[in-house]
Amino acid sequence: LEGLAFEGDTTTLTPAASGLIAKLVAIVKAFADAKVKLTGHAAEADAPTVTGRLEALKAMMTAAGIGED
């Protein structure tokens, strides 16, 4: 998702990225059969940060009503 950014080496989205997630949630909800696959990439040393970011995104989308199935 272009523009998705986090604060430094954290799992906290930037304010602009939070707006992107809200738009993504609205789109997914509009298409009930839509599936979303979250993936990330990083150098091996950054893997824990990427995993944490993916979990944070998953939690945000789940809290917004997007199912995990």
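Okay, before anything else, one term: when I say two residues touch, or are in contact, I mean that they have heavy atoms within 4.5 Å. Keep that in mind for arginine 53, which touches Phe6, Gly8, Asp9, Thr10 and Thr11, leaving out residues up to four places away in sequence. And please remember that what you see here is a predicted model.

So, the overall picture. The chain has 69 residues, and 19% of them are buried. Its secondary structure is 2 helices and 0 strands. If you put a box around the C-alpha atoms, along the principal axes, you get roughly 35 × 25 × 20 Å. The chain exposes about 5000 Å², with 57% of that coming from carbon and sulfur atoms. And if you take contacts between residues at least 6 apart in sequence, 43% of them join residues at least 24 apart.

Let's start with helix α1. It has 16 residues and reaches 23 Å from its first C-alpha to its last, close to the 22 Å you'd expect at 1.5 Å a residue. Which residues of α1 are buried? They are Ala17, Ile21, Val25 and Val28. Looking down the axis of α1, these buried residues fall within an arc of 90 degrees, so they line one face of the helix. Turn to the face pointing away from that buried side, and you find exposed residues: Pro15, Ala16, Lys23, Ile27 and Ala30. As for what covers the buried residues of α1, that includes α2.

Just before α1 there's a segment that holds threonine 14. Is threonine 14 buried or exposed? Its relative accessible area is 16%, and the cut-off for buried is under 20%, so threonine 14 counts as buried. Not counting residues up to four places away in sequence, threonine 14 touches Ala5, Phe6 and Glu7.

Now on to α2, which runs over residues 47–63. This helix has 17 residues and spans 24 Å from first C-alpha to last, close to the expected 24 Å. Its buried residues are Val50, Arg53, Ala56, Leu57 and Met61. They cover an arc of only 130 degrees around the axis, which puts them on the same side of α2. Over on the other side, Pro48 and Ala63 are exposed. And what do the buried residues of α2 pack against? That would be α1, residues 15–30.

Back to arginine 53 for a second, since its place is in helix α2. Arginine 53 and alanine 64 are 11 residues apart in sequence, and their C-alpha atoms are 17 Å apart in space. After α2 comes glycine 65, with a positive phi near 100 degrees.

Last topic: the core. In soluble globular proteins, nonpolar side chains tend to be buried together. Here, the largest nonpolar core has 9 residues in all: Phe6, Leu13, Ala17, Ile21, Val25, Val28, Leu57, Met61 and Ile66. The elements giving two or more residues to this core are α1 and α2, and α1 gives the most, with 4 residues. Try finding valine 25 in the structure: leaving out residues up to four places away in sequence, it touches Met61, Ala64 and Ile66.

So if you take one thing home, take the two helices: α2 packs its buried residues against α1, and both helices give residues to the largest nonpolar core.

Conventions:
Residues numbered from 1 in each chain as written. Predicted model: local features only at pLDDT ≥ 70, side-chain atom pairs only at ≥ 80, totals over all residues. Heavy atoms only, no water. Expected span 1.5 Å × (residues − 1). Buried < 20%, exposed > 50% of the residue type's maximum accessible area, 1.4 Å probe, protein only. Arc of directions from axis to C-beta. Core = buried A, V, L, I, M, F, W, Y, C linked by side-chain atoms within 4.5 Å. Areas by Shrake-Rupley, 256 points an atom, 1.4 Å probe, with all protein chains shown as cover.
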